[in-house]
Amino acid sequence: QVQLVESGGGLVQAGGSLRLSCAASGSIFSINAMGWYRQAPGKQRELVATITSGGSINYADSVKGRFTTSRDNAKNTVYLQMNSLKPEDTAVYYCNALVVTTTLGQYYYWGQGTQVTVSS
């Protein structure tokens, strides 16, 4: 079994910053892509950023230039640095990872989510 645990959410004023972390643990052989998604009330879950094991990164247009994702492969951890936050960034942020398990299966796993609230 694999677990993803997010941390770093909270309440911040518009223009502020937050840094999210997501650590993967368990029966991990390797991790391919890791990423961040978010879901605002009444809206569908949407992609925020993804990063491959080789470091290729993709951002949603709405966060380009404000958010930065990175990962520490040795720690099986992915980060999301969020700057210049806007009220429309308010959402539950979820970590996602494409994991090759020790039994050599490949599965997507999700974290439990962390709330980010940006006040105007």
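Y93 lies in strand 9, which covers residues 91-101. In this predicted model, Y93 is a handy place to start looking around. Its relative accessibility is 0%, so Y93 counts as buried, the cut-off being under 20%. Setting aside neighbours within four places in sequence, Y93 is in contact with E6, L20, Y37, R38, V48, F67, L80, M82, G113, T114 and V116. One of these, G113, sits 20 residues away in sequence, yet the two C-alpha atoms are 5.3 Å apart in space. The side chain of Y93 also has a polar partner: one of its polar atoms lies 2.6 Å from the backbone oxygen of D89.

T114, one of the residues touched by Y93, belongs to strand 11, residues 114-119. With a relative accessible area of 11%, T114 is buried too. Apart from residues up to four places away in sequence, T114 touches E6, G9, L20, A91, V92 and Y93. Its side chain reaches the backbone nitrogen of G9 at a distance of 3.3 Å. E6 and L20 turn up in the list for T114, and they appear in the list for Y93 as well.

E6 leads on to strand 1. One face of strand 1 is covered and carries V2, L4 and E6, while the uncovered face carries Q3, V5 and S7. That pattern fits a general rule: in a regular strand, side chains alternate between the two faces of the sheet. Strand 1 runs antiparallel to strand 3 (residues 18-26), and six bridges join the two. V5, from the uncovered face of strand 1, has A23 as its bridge partner in strand 3.

Strands 1 and 3 are part of a bigger arrangement, an open sheet of four strands in the order 1-3-8-7 with antiparallel pairing. The edges are taken by strand 1 (2-7) and strand 7 (67-72); each has a single partner strand, so one side of each has no neighbour in the sheet. From one strand to the next, the twist averages 15 degrees. As for what holds such an arrangement together, strands of a sheet pair through backbone hydrogen bonds, either parallel or antiparallel.

At the other edge, strand 7 is home to T69. Is T69 buried or exposed? With 3% relative accessibility, T69 counts as buried, even though strand 7 stands at an edge of the sheet. Its side chain reaches the backbone oxygen of Y79 at 2.8 Å. Leaving out residues up to four places away in sequence, T69 touches W36, A49, T50, I51, I57, Y59, V78, Y79 and L80. L80 is in this list and is also one of the contacts of Y93.

Several of the T69 contacts, among them A49, I51 and Y59, bring in strands 4, 5 and 6. Strand 4 (residues 28-39) and strand 5 (residues 46-51) run antiparallel and are joined by five bridges. M34 stands opposite I51 of strand 5. The two strands form a hairpin with six residues between them, and G42 in the turn has a positive phi of about 75 degrees. Strand 5 then pairs with strand 6 (residues 57-59), again antiparallel, through three bridges. Here A49 has Y59 as its bridge partner in strand 6. This second pair also makes a hairpin, with five residues between the strands, and its turn contains G55 with a positive phi of about 95 degrees.

Zooming out, the protein has eleven strands and zero helices. The radius of gyration is 14 Å, close to the 14 Å given by the globule rule for 120 residues, so the protein is as compact as a globular protein of that length. Along the principal axes, its C-alpha trace spans about 50 × 25 × 20 Å. Of the 120 residues, 42% count as buried, including Y93, T69 and T114. Among contacts with a separation of 6 or more, 54% come from residues 24 or more positions apart. The accessible surface comes to about 6200 Å², and 49% of that belongs to carbon and sulfur atoms.

Technical notes: Residues are numbered from 1 along each chain as its sequence is written. This is a predicted model: local features need pLDDT of at least 70, side-chain atom pairs count only at pLDDT 80 or more; totals for chains, interfaces and linings use all residues. Side-chain values use heavy atoms; hydrogens and water are left out. Two strands pair if DSSP finds at least two bridges between them. Axes are lines fitted to C-alpha atoms, for helices over the stretch in contact, and angles run from 0 to 180 degrees between N-to-C directions. The radius of gyration is taken over C-alpha atoms; the globule rule is 2.2 Å times the number of residues to the power 0.38. Buried means under 20% relative accessible area, exposed over 50%, partly exposed in between (1.4 Å probe, protein chains only). Contact means heavy atoms within 4.5 Å. Accessible areas come from the Shrake-Rupley method with a 1.4 Å probe; for residues, only the protein chains shown count as cover. A polar contact is a pair of N or O atoms within 3.5 Å; within protein, one must be able to donate a hydrogen and the other to accept it, and residues adjacent in sequence count only if both atoms are side-chain atoms.
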